[in-house]
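Me: I would like to learn how to read charge and helix features from a set of coordinates. Could you take me through one case, step by step?

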Amino acid sequence: MTTKGYFAGIRRSSTEPISKPARRISVASGANAIPEVSSPRRNSHNVHFRERDTNTQQDDTVVIAVMGVTGSGKSSLISLLADQPVGIGHNLQSHTTHTDMFSFSHPETKRTVILLDTPGFDDTERSDTEILKEISCFLAMIHEKRWRLVGIVYLHRITDPRLGGSAMKNLHMFEKLCGSGSFPGVVLVTNMWGDLEPTDAGRALGERREAELKGQFWKTILAQGGNVMQHDGSRESAAAIVSSLVRRNEEVVLHIVHELVEERKTLDETEAGQYVQAELLKIKKKYDREIADLQESMEEAMEARDEETARAIKREREAAKAKVAQKARESKGLRISMQQLVQEKMAEYDARATEPDNQEAVRGRIAELFEEFKSEMREEMREELEAEMRDVKERLARIETGPTEKVEQRVEQREEEQPKEDNKSGGLMGWFSRPLSGFSRA
């Protein structure tokens with residue numbers, strides 16, 4: 001059984017067109033794990049992904065990831081094309097709390113197109129760490145399953161007068177995830193034109209905002225080959241956006257996938273992970289200052305014998321400390337390898353699938369994706385376990401025959417060399433029977 005790293009066949013740059021052999025996953029661990037000469041990095045759980053038989057046909061399914069801030073219209077765009085019902089939020093509360101997949105048959109190419117609906121990095125229910133872990137895991141698993149990612153749609157509300165803090169954070173995270181080499185597969189979409197005033201002035205306002213986005217915030221992506229399109233809310237508009245990427249038909253290997261798979265980085269070592277770490281550090285410093293101020297205020301209240309105020313300040317201080325501890329846990333959660341991440345998400349989705357309220361959410365393409373990985377991992381784990389047991393038995397047999405004989409020979413030789421009166425303390429048993437010195441009991 002030959003192991004070639006946890007995702008084989010990506011010895012290329014992230015933008016190079018590829019025609020790669022199909023791959024499969026295997027699990028190797030313990031003494032039977034085969035050393036990986038391509039990289040000195042070793043991972044604790046040793047989940048490896050290896051090549052499938054080269055005669056396996058490539059899956060003709062293509063994937064388009066849809067990203068953007070909460071409320072930018074990701075689910076609405078997907079619902080116009082998908083063959084399955086899509087839940088849609090109608091406010092700035094996050095509706096897409098977990099990554100989901102919806103498919104349809106492209107009328108021109110007859111290919112199955114999967115639209116990956118992702119939560120934004122301003123999610124109202126989950127941390128940036130959890131969002132990054134989930135999106136990264138799905139992108140890597142999709143790559144392994146041979147559903148070719150052919151592009152990314154990034155949505156932006158044209159109704160927003162400016163890019164606020166959360167929108168800027170989302171855009172920066174998007175750039176870190178993609179990497180400049182993947183920008184030719186990016187379509188930046190201005191959305192919600194119908195919510196502007198239905199006048200020439202309203203249209204002109206939207207055009208000015210789009211021009212500002214192109215000339216300032218999206219300048220880097222566009223300079224590297226990205227494109228801009230407008231979505232008017234119609235099915236025809238959504239189809240045109242998606243079709244532009246399907247017809248382009250060039251696989252995009254995102255920078256985050258290249259880092260986790262090819263370079264074998266842990267998530268906190270990736271550019272996206274380091275960006276999240278920097279944001280967590282900023283928040284921690286803010287809470288540390290708040291805790292210091294509250295501590296000073298509490299001491300002043302105690303000196304003034306204002307016990308009620310002191311108790312209230314103490315509660316605020318403890319709440320701030322809890323937030324610091326939470327950010328520390330989020331930072332620690334990024335120290336995870338790709339194989340550990342896959343295992344974690346498999347367990348999470350298994351748990352979600354058993355809950356009645358979530359059974360519909362974990363279905364279709366997601367179920368297909370995880371079931372294939374789980375079935376192949378179970379089979380490979382069985383094979384690897386059998387091989388490992390054989391190896392253990394062989395090593396035990398060598399210990400019983402080789403090393404033991406040598407020990408006995410040395411013991412016999414020592415007993416022959418020593419005077420008979422010292423035989424009481426000779427050999428291994430004699431060593432164990434010698435009195436201990438240098439110890440005393442209290």
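Me: Which residues gather in a patch of positive charge on the surface?

Reply: Keep in mind that this is a predicted model. The positive patch on its surface is made up of Lys-285, Lys-286, Arg-289 and Lys-323. Helix 8 gives the most to this patch, with three residues. Lys-286 is found in helix 8, and its relative accessible area of 47% makes it partly exposed, because that class lies between the 20% and 50% limits.

Me: Which residues form the negative surface patch, and which helix gives the largest share of it?

Reply: The negative patch is formed by Glu-290, Asp-293, Glu-296, Glu-299, Glu-300, Glu-303 and Glu-316. Its largest share, six residues, comes from helix 8, which covers residues 271-303. Glu-296 is one of the residues in that helix, and at 47% relative accessibility Glu-296 counts as partly exposed.

Me: How should I read a salt bridge inside a helix, and how far apart along helix 8 are Lys-282 and Glu-279?

Reply: The general idea is that an α-helix has 3.6 residues a turn, so residues three or four places apart point the same way. In this model, Lys-282 and Glu-279 both lie in helix 8, three residues apart, which is about one turn of the helix. Their side chains meet in a salt bridge, at 3.4 Å from N to O. Lys-282 counts as exposed, because its relative accessibility of 54% is over the 50% limit.

Me: How many salt bridges does the structure hold, and which residues do shared partners join into one network?

Reply: The structure holds 20 salt bridges. For the network, I return to the helix 8 pair of Lys-282 and Glu-279 as the pattern of a single bridge. Elsewhere, salt bridges that share partners join Arg-126, Glu-130, Lys-133, Glu-134, Glu-344 and Lys-345 into one network. Within that network, Glu-130 meets Arg-126 in a salt bridge of 3.8 Å, N to O, and Glu-130 also forms a salt bridge with Lys-133, where the closest N and O atoms are 3.8 Å apart. Glu-130 and Lys-133 are three residues apart in helix 2, and they are therefore separated by about one helical turn.

Me: Are these three partners, Glu-130, Arg-126 and Lys-133, buried, partly exposed or exposed?

Reply: Glu-130, at 26% relative accessibility, counts as partly exposed. Arg-126 counts as buried at 15%, and Lys-133 is buried as well, with a relative accessible area of 5%.

Me: How do I check the length of helix 2 against what its residue count should give?

Reply: The check compares an expected span with the distance between the end C-alpha atoms. At 1.5 Å a residue, the 18 residues of helix 2, residues 128-145, should span 26 Å, and the end C-alpha atoms are 26 Å apart, so the two values agree. Helix 2 is also mostly covered, since 17 of its 18 residues are buried. Arg-146 follows helix 2 and has a positive phi, near 75°.

Me: What can be said about Asp-100, and where is it placed?

Reply: Asp-100 is in strand 4, which covers residues 100-105. With a relative accessible area of 12%, Asp-100 is buried. Asp-100 and Pro-119 are 19 residues apart along the chain, and their C-alpha atoms are separated by 9.0 Å.

Terms used: Residues are numbered from 1 along each chain as its sequence is written. This is a predicted model: local features need pLDDT of at least 70, side-chain atom pairs count only at pLDDT 80 or more; totals for chains, interfaces and linings use all residues. Side-chain values use heavy atoms; hydrogens and water are left out. Helices (H or I, at least four residues) and strands (E, at least two) are DSSP runs, numbered from the N terminus. The expected span of a helix is 1.5 Å times one less than its number of residues. Buried means under 20% relative accessible area, exposed over 50%, partly exposed in between (1.4 Å probe, protein chains only). Patches are made of residues with over 30% relative accessible area and no salt bridge: like charges are joined within 9 Å, nonpolar side chains (Val, Leu, Ile, Met, Phe, Trp, Tyr) within 5 Å. Accessible areas come from the Shrake-Rupley method with a 1.4 Å probe; for residues, only the protein chains shown count as cover. A salt bridge is a side-chain nitrogen of Lys or Arg within 4 Å of a carboxyl oxygen of Asp or Glu. Lys and Arg count as positive and Asp and Glu as negative; His and the chain ends are not counted. The place of a charge is taken as NZ of Lys, CZ of Arg, CG of Asp or CD of Glu.
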